[in-house]
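Dear colleague,

Please find below the structure that I am handing over to you, together with its sequence. My notes on what was found in it follow.

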Amino acid sequence: MAAHPIQALGEAVGSVGVDPRAYQLSSLFQEANDGPARTAAKITGVQGPGKRDDDSTYFTSNEGIPFPDPAHSKTVGGVPVVSDIHLLQKQQHFNRSKNLERMVHPCGSGAFGYFETTKDVTAHCKADFLKSVGLRTPVSTRFSTVTLGRECPDLARNPRGFAIKFYTGEGNYDIVGLNFPIFFCRDPIQGPDVIRSQYRNPQDFLLDHNSLFDLLANTPEGNHAGMMFFSDHGTPQGWRHNHGYGCHTFKWANRDGEFVYIKYHFLANHGQKQFTANEAMRLSGEDPDYSKRDLWRAIEKGEEITWTAHVQIMQPSEADPDKLGFDPFDVTKVWPKSEFPLHEFGKLVLNRNPENFHIDVEQAAFSPGSMVPGIEDSPDPLLQFRTFFYRDAQLHRIGVNWHQIPGEIHILCKDVILIFRRVNCPFMASSCASLNFDGQIRADANHAGNPQYAPNSFGNKFRPDTAEVPYQLADSIMSRKSHFWHEGSPTEYEQSRALYEKVMNVEAREHLHFNTASALKKVDYPVIQVKYLAQLLRIPYQYAKAVYNLLPEKSFGFEEVEEKSKGAEKIGKEEKFCPSAQTDKLVGKCPAAKVYNA
């Protein structure tokens with residue numbers, strides 16, 4: 001059929017017309033070079049489609065500012081700074097890039113209960129909920145898959161979110177962890193990339209094995225968590241048969257201003273159990289809500305659902321990778337239990353289901369930045385930025401007054417049912433007087449007679465005694481230089497190798513090989529398969545070889561993998577930013593001199 005005369009004319013003009021604007025606006029820039037008239041002409045078919053492929057000369061921010069590097073944030077002493085506009089814009093844009101569903105962990109459910117302190121840890125930590133043995137603190141929890149949408153089966157291969165909100169006497173404390181003790185990246189600028197690599201493809205909306213394996217192939221440190229992802233840990237038996245980990249390194253501080261570094265471990269008393277890939281696939285078809293249903297029914301039946309809480313403890317003087325042989329602030333690494341054993345400090349008990357899923361679970365908001373006095377941050381760069389961007393995501397998703405969202409929760413704690421009205425409200429805090437005013441759905445006294453600025457001449461109720469305990473970084477230089485001790489080094493693979501050779505048994509390794517090959521065979525590009533197998537070869541040779549042998553079709557020989565593995569630890573790392581100086585490491589020392597005034 002002949003084109004409409006106006007359409008034909010529009011297409012002809014559009015195809016040969018000369019754009020008088022500068023060259024940078026003629027390249028694809030998210031269609032910023034198209035005004036509403038040209039956009040409408042393309043939509044209606046009057047004019048042919050615009051450019052589909054990026055032909056720009058370099059990557060930029062939304063404002064066209066050149067983007068220096070995809071894997072290195074701007075830091076001081078390795079700790080990210082808020083002046084990194086690329087880091088903040090990338091995460092804030094990511095937080096707002098979908099309609100208002102959780103950007104991460106959308107598929108999940110929760111329950112309520114209490115945390116009981118079982119051991120005296122006051123020598124290390126002054127937190128109110130840990131002040132005495134036997135003290136019970138109300139909690140809410142949420143369990144989830146991480147990157148899969150609400151529509152996906154909750155037994156699908158994925159990490160599992162493990163989030164706890166403690167309603168303490170000095171405010172709400174959130175632990176926002178996983179069923180893995182490690183994560184896929186350590187620089188926060190790569191956080192959105194990790195999540196997007198496990199999203200559906202933006203063109204065909206199909207699960208994208210190309211992006212998953214391509215990111216792992218270009219992120220050497222990510223393959224420690226990648227091994228857990230493709231092991232049976234990626235398909236646990238529901239929510240309750242998981243151990244939970246805080247993942248990051250935190251500080252515990254006592255009343256004398258002394259601190260230690262710690263890692264959290266919540267060990268399931270009912271056992272850690274996993275399905276095989278075939279079992280998880282079959283059960284996902286039979287019941288896509290298996291994990292949600294299992295937890296709900298167990299609580300309704302009155303079954304005991306408990307975890308024993310432990311910490312590993314490290315003195316600040318020990319927390320130096322040059323001494324340890326590993327980076328204690330690198331979230332892609334663990335602390336060996338042989339050197340830093342577990343110390344019990346409490347028990348987590350779940351005993352009550354939500355009254356209403358939307359109010360009690362879907363509107364629950366967790367942030368690693370919600371830390372009460374006695375629990376503080378460490379030089380872990382991903383933790384530093386998660387304290388910002390999780391809160392930012394909640395502000396976008398449910399508003400600035402998310403702590404006031406109405407709802408009635410019943411928690412059974414020490415044979416007493418506590419009733420409170422808001423799932424995010426610090427209802428156990430001895431004081432709650434925020435100086436953040438106004439905003440949507442404000443439901444309390446708002447200013448409550450306080451001036452809307454501080455300091456002022458009418459009220460000074462601040463708590464200088466709760467100021468964080470100072471620590472000293474390795475240097476005071478602001479740059480994008482990496483402070484990750486393992487970056488570009490063969491030591492990157494040591495812990496992954498230990499997991500494969502010393503922790504996994506023969507059956508676990510066989511399942512790992514099968515699960516990995518089953519997914520890798522779906523990758524369309526041999527270049528990705530070769531590069532990914534090169535990373536596996538550096539963990540141990542037999543891991544890569546076993547996966548390669550299980551691939552049904554091979555368009556490359558294993559010798560190509562062997563060749564690519566040479567220098568695989570440097571793949572995805574720009575040499576300009578790799579660590580080279582003695583101070584290019586993450587350190588959080590006790591300051592030599594007193595910092596605060598008496």
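I begin with a group of charged side chains: Arg186, Glu221, Asp330, Lys333, Glu492 and Lys573 are joined in a network of salt bridges. Please bear in mind that this is a predicted model, and that every value quoted here is computed from it.

One pair within that network deserves a fuller description. Arg186 makes a salt bridge with Asp330, and their closest N and O atoms are 2.8 Å apart. Because Arg186 sits in the loop between β6 (171-178) and α5 (191-197) while Asp330 sits in the loop between α10 (321-324) and β11 (342-352), the pair ties together parts that are 144 residues apart in sequence. Arg186 has a relative accessible area of 1% and is buried. Asp330 is buried as well, with a relative accessible area of 0%.

In total, the model contains 28 salt bridges. Two others also involve positions far from each other along the chain.

The first pair is Arg480 and Asp84, whose closest N and O atoms are 2.9 Å apart in a salt bridge. Arg480 belongs to the loop between β15 (478-479) and α13 (494-503), and Asp84 to the loop between β2 (79-80) and α4 (85-95), so this salt bridge ties together parts that are 396 residues apart in sequence. Are these two residues buried or exposed? Arg480 counts as buried because its relative accessibility is 14%, which is under the 20% limit for that class. For Asp84 the relative accessible area is 0%, and this residue is buried too.

The second pair is Asp320 and Lys585, whose side chains meet in a salt bridge with an N to O distance of 3.0 Å. Here again distant parts of the chain are linked: Asp320 lies in the loop between β10 (305-314) and α10, Lys585 lies in the segment after α17 (558-564), and 265 residues separate them. Both Asp320 and Lys585 are buried.

Turning to the protein as a whole, there are 17 helices and 15 strands. Of its 598 residues, 52% are buried. Among contacts with a separation of 6 or more, 76% are between residues 24 or more positions apart. The accessible surface of the protein is about 27,700 Å², and carbon and sulfur atoms account for 54% of that area.

Some points of backbone geometry may be of interest when you inspect the loops. Which peptide bond is cis? The bond from Ala454 to Pro455 is cis, with omega near 0 degrees. Pro455 is located in the loop between β14 (416-420) and β15.

Two residues have a positive phi although neither is a glycine. For Phe205 the phi is about 60 degrees, and this residue is placed in the loop between α5 and α6 (209-217). Phe205 counts as exposed because its relative accessibility is 56%, which is over the 50% limit. For Cys247 the phi is about 70 degrees, and this residue is found in the loop between β7 (244-245) and β8 (250-253). Cys247, in contrast to the exposed Phe205, counts as buried, with a relative accessibility of 7%.

With kind regards

Definitions and conventions. Residues are numbered from 1 along each chain as its sequence is written. This is a predicted model: local features need pLDDT of at least 70, side-chain atom pairs count only at pLDDT 80 or more; totals for chains, interfaces and linings use all residues. Side-chain values use heavy atoms; hydrogens and water are left out. A salt bridge is a side-chain nitrogen of Lys or Arg within 4 Å of a carboxyl oxygen of Asp or Glu. Helices (H or I, at least four residues) and strands (E, at least two) are DSSP runs, numbered from the N terminus. Buried means under 20% relative accessible area, exposed over 50%, partly exposed in between (1.4 Å probe, protein chains only). Contact means heavy atoms within 4.5 Å. Accessible areas come from the Shrake-Rupley method with a 1.4 Å probe; for residues, only the protein chains shown count as cover.
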